[in-house]
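The following exercises are to be worked with the sequence and the three-dimensional model at hand. Each task is followed by a solution in steps.

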Amino acid sequence: MMIVMKAGATEDQVQAVIDRIESCGARAHPSRGEEVTVIGAVGDREHVARLGLEGAPGVEQVVPILKPYKLASSQMREPSVLEIGGRRIGGENFSLIAGPCTVESRDQVMTAARAVRDAGGSLFRGGAYKPRSSPYSFQGLGQEGLRLLAEAREETGLPIVTELMDARDIEPVLEVADVIQVGARNMQNYALLSEIGRSGKPTLIKRGLSSTLEELLMAAEYILKEGNPNVILCERGIRTFETAYRFTLDITAIPALKEMTHLPVIVDPSHAPGRRSLVPALSMAAAAAGADGIIVEVHPEPEEAICDGPQQLHTDGLDEYVARLEQAAAVAGKVLSSAPA
Ligand code: PEP
Ligand code: MN
């Protein structure tokens, strides 16, 4: 159920509704919008209905949420705008998250981070724990990689996005990450999602290689259910019959998700094509289609990269790429959010 408060409802009235929801064993998830506060009540529908909240002071209406993704649903909700390290994600903001696929060395990370900052990037990405198709491939620098990411933030001020693959590594990742990335292969790792939900850390969750949008939203629901509202969804390409590139970037997912959910939706234009020449076009398409941002791989020397070299953009040409991206984002009415809000 969603309890929609009146425009002038007081904080005491909101709290009274929350208390009553929780008194029957359900969980209350308040969301304070600019105009009105809505409170999601997740639990036994019968119990919540019996509270008779329709007549409670400050309550405008009580609406059943028909979708299985109760907290992610756009029903009765304004689009969410997250604030991460002073940068806004969602709404009218277009976020540029850029950085190498994986953290390789101090020099590589610092050079990439400076380039992303100078080009007006919003956040910096880099993997310390890497999900690799082969167990024989480089698996990431682990804690040493996290340390280098912390150094990059220290120097550039850019908030850090980095992947958590295993709940056993959550503590060191929480210390460094401003946003935890859940990789495509872990989208349905429900124990990991719940653990991240309990941590409260903003989370970017990538769509699984063969997952439907509803499955993606149900994955987000695991995080939201634990009381963590800071979830960003990411379309990164899905498996289709096409073999001319690695994955098919599902542009339709952007407007479709926007109808289904209030959560910000970003796009990864790097992993779908798997090659650099296609990345700019996909980036522009995503921005023009209304994505709230992109997460793109960039490297000072992609030819030497340990993983995903062929798809990583050179940090050298970043300014021009960002200028074009700003134009594409403007088509959808969004402005690049680089400086702290
Ligand atoms: C990555 O971001 O480097 C990555 C491995 O992405 P995905 O989980 O989408 O494959
Ligand atoms: Mn990669």
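**Exercise 1. Pairing around E8 and E9**

In which sense do E8 and E9 pair, and over how many bridges?

Solution. The model is predicted: local features need pLDDT of at least 70 and side-chain atom pairs count only at pLDDT 80 or more, whereas totals for chains, interfaces and linings use all residues. Residues are numbered from 1 along each chain as its sequence is written, chains are lettered from A and ligands numbered from 1 in the order in which they are written, and side-chain values use heavy atoms, with hydrogens and water left out.

Step 1. Strands (E, at least two residues) and helices (H or I, at least four) are DSSP runs numbered from the N terminus, and two strands pair if DSSP finds at least two bridges between them.

Step 2. The pairing of E8 with E9 is parallel and runs over two bridges. Within it, Phe-124 has Ile-160 of E9 as its bridge partner.

Step 3. Strand E9 spans residues 160–163 and is covered on both faces: Ile-160 and Thr-162 on one side, Val-161 and Glu-163 on the other, are all buried. Here buried means under 20% relative accessible area, exposed over 50%, and partly exposed in between (1.4 Å probe, protein chains only).

**Exercise 2. The surroundings of E7**

Determine which strands pair with E7, and how many of the residues of E7 are buried.

Solution. Step 1. E7 pairs in the parallel sense with strand E8 (residues 123–125) over two bridges, and Ala-98 has Phe-124 as its bridge partner in E8.

Step 2. With E14, the parallel pairing of E7 extends over five bridges; Ile-97 is matched there by Ile-295.

Step 3. Strand E16 (residues 335–336) is also parallel to E7, over two bridges, and Leu-336 is the bridge partner of Phe-94.

Step 4. Seven of the seven residues of E7 are buried. Asn-93, Ser-95, Ile-97 and Gly-99 point one way, and Phe-94, Leu-96 and Ala-98 point the other way.

**Exercise 3. The open sheet**

Establish the strand order of the open sheet of four strands and identify its edges.

Solution. Step 1. The order is E2-E3-E1-E4, with antiparallel pairing. E2 and strand E4 (59–63) are the edge strands, each pairing on one side only.

Step 2. Neighbouring strands of this sheet are turned by 20° against each other on average, direction ignored. For such values, axes are lines fitted to C-alpha atoms, for helices over the stretch in contact, and angles run from 0 to 180 degrees between N-to-C directions.

Step 3. Strand E1 (residues 2–5) is antiparallel to strand E3 (residues 37–42) over three bridges, and Met-2 is bridged to Gly-40 in E3.

**Exercise 4. The manganese ion**

Which residues are the protein donors of the manganese ion (ligand 2), and how are they spaced in sequence?

Solution. Step 1. Donors are N, O and S atoms within 2.8 Å of the metal (3.2 Å for Na, K and Ca); water is not among the atoms, so sites may look incomplete.

Step 2. Cys-101 (SG), His-271 (NE2), Glu-297 (OE) and Asp-308 (OD) are the protein donors, lying 2.0 to 2.4 Å from the ion. Their spacing is C-x169-H-x25-E-x10-D.

Step 3. Distant parts of the chain are linked here: Cys-101 is in the loop between strand E7 (93–99) and helix H3 (106–118), and Glu-297 is in strand E14 (residues 293–299), 196 residues apart.

Step 4. Cys-101 is buried at a relative accessible area of 1%, and Glu-297 is buried with a value of 1%.

Step 5. Asp-308 lies in the loop between E14 and strand E15 (313–314). Its phi is near 55°, a positive value in a residue other than glycine. Most residues other than glycine have a negative phi.

**Exercise 5. The second largest pocket**

How many residues line the second largest pocket, and which lie nearest its centre?

Solution. Step 1. A pocket is defined on a 1 Å grid over the protein atoms alone, as an open set of points where a 1.4 Å probe fits, with protein on both sides within 12 Å along at least five of seven lines; lining residues have an atom within 4 Å of a point.

Step 2. The lining has 20 residues, and Pro-131, Arg-185, Arg-246, His-271 and Asp-308 lie nearest the centre. Among them, His-271 and Asp-308 are donors of the manganese ion.
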